[in-house]
Amino acid sequence: MITVIGLDGSPLGSADIATLAAATLVVGGRRHLAAAPPPLEAVVVELGPLDLALKALACHRGDAVVLASGDPGFFGILRSLRERGLEYTVRPAVSSVALAFARAGLPWDDAQVVSAHGRDPRHAINVCRAHPKVAVLTGPGCGPAELGAALAGWQRRLVVAEHLGTPAERVTSCTTAEAASRHWDDPNVVIVLAGQPPVSAPGWRWPPGAAQGGWALPEADFSQQDAVITKAEVRALALARLAPGPGQLIWDVGAGTGSVGIECARLGAAVVAIERDPRRVRLIRDNSKKHGVDVRVVEGEIVEGGVIGREGVGREGVEGGAPAALSDLPTPDAVFIGGGGTSVVEAVVTRQPARIVVALAAVDRVAPALSVLGKAGYTLDGTLLQAARLSPLPGGVHRFDAVNPVFVLWATRPPGGTSARIISTDTEDQMVGGSETAPAELADGVGRMERVGRPQETPPPRAGGAW
């Protein structure tokens, strides 16, 4: 029989002590084995490669214990045990995410929870850019320092919880710059907040959803002040081709009122809006606030190699003074180009986003845009979008009023063309660290199976490591 016991720093209960004492096989990370020493006669599998531990559990003919962090059903080992067809019972402890929010004194039914362990960290980072309250399960190469550096330009505050549930526990609130400039012990969990802790209405599900009320909203839902706005019909098609969602970063270039970028943000994506007109910049900020989304605004005109102008950051409209180089902006997954001509398309393709959507009112600009996108290796498609809207007439009858036609082009990179950097080959199914991330030993690729009396001494911690 396999018993999975969660550890959160609290002493083991009498039932767990008895179960561990009777085990003839104990599996766990080095720090777990140090916290709950196995019996002298037990076979011990100290975690490195997960496959070794799973094979040992599958072959064992006796009582086995798996030691894991927190709640083993939350980004933990239970998925892997089920996939192997192994039977087990679970005795969970408090998740490190729950502990981190408790230490910060914050509710978390309105929070997003993401893992940066064994995955491309960009997805977790983009969720932090898009949402006001996010818990990050850190991993090698994406700890508090790396998160702080990646969130430069967004108004964020970090709460870093190190060694939760142990005598060495430390909880630190800091700015992104402070987080990026110092060393952090692992294991740790990071809570990322937009400014002061947001106050939200009571929810009814977790995690909270996005895009309440649908998408392709009416133009009347955006403050315009005579600014050009992308019509709802065009936005509907653009959103379908941009495919925004949690973990994605979208650029809205020539953003105007910000309608496209705001709709992407409502669907959970992180958004950078680039606009050269200061009056429209204010509209974007006002519309973002109205729709409850956090859109980063860069004030300037995009050209190949850079953005000419000033940069504005965050939902409160705080402005910075330095020009933002195109190379300094985080890499987008998709880009919507609503203005600026061929030179903007040329600048965007240098960053090789997976998807580009271009809206053009002038037929003369279609061929040059297609040429630039084609030479950059994109697969091309497009349509001339013509719509007519129902309009009332006197006497209770109606007519259809034509909307100005728009050429919508979309370009996609062939599969396999992504430049995203994967920091580890581990997957969530390898995260035996229980409630969030794997023990540090898993990242080291260290594994051994032997009879031991007591586990070896825990090695010194590393910055930005796994929980």
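**Exercise 1.** Locate glutamine 248, which is found in the loop between α9 and β11 (249-253), and decide whether glutamine 248 is buried or exposed.

*Solution.* The model is predicted, so local features need pLDDT of at least 70 and side-chain atom pairs pLDDT 80 or more, while totals for chains, interfaces and linings use all residues. Residues are numbered from 1 along each chain, and side-chain values use heavy atoms, without hydrogens and water.

Step 1. The relative accessible area of glutamine 248 is 15%. Buried means under 20% (1.4 Å probe, protein chains only), so glutamine 248 is buried.

Step 2. List the contacts (heavy atoms within 4.5 Å). Beyond neighbours within four places in sequence, glutamine 248 touches His123, Asn126, Ala243, Ala269, Ala270, Asp333 and Arg355.

Step 3. The side chains of glutamine 248 and arginine 355 are joined by a polar contact of 2.8 Å.

**Exercise 2.** Classify the packing of helix α9 (residues 232-242) against helix α10 (residues 259-266).

*Solution.* Step 1. The axes are 11 Å apart, at an angle of about 50°.

Step 2. The pair α9 and α10 is therefore oblique; this class takes angles outside under 35, 65 to 115 and over 145 degrees.

Step 3. Arg235, Leu239 and Leu242 of α9 meet Ser259, Val260, Glu263 and Cys264 of α10. These residues divide into four nonpolar, one polar and two charged.

**Exercise 3.** Do likewise for helix α12 (residues 342-349) and helix α13 (residues 366-375).

*Solution.* Step 1. The axes come within 9 Å and cross at roughly 15°.

Step 2. Helices α12 and α13 are therefore roughly parallel.

Step 3. Thr342, Val345, Glu346 and Val349 of α12 contact Pro368, Ala369, Val372 and Leu373 of α13.

Terms used:
Axes fitted to C-alpha atoms, helices over the stretch in contact; angles between N-to-C directions. Helix = DSSP H or I, 4+ residues; strand = E, 2+ residues; numbered from the N terminus. Nonpolar A, V, L, I, M, F, W, Y, C, P; charged D, E, K, R; others polar. Buried < 20%, exposed > 50% of the residue type's maximum accessible area, 1.4 Å probe, protein only. Polar contact = N/O pair within 3.5 Å; in protein donor to acceptor, adjacent residues only side chain to side chain.
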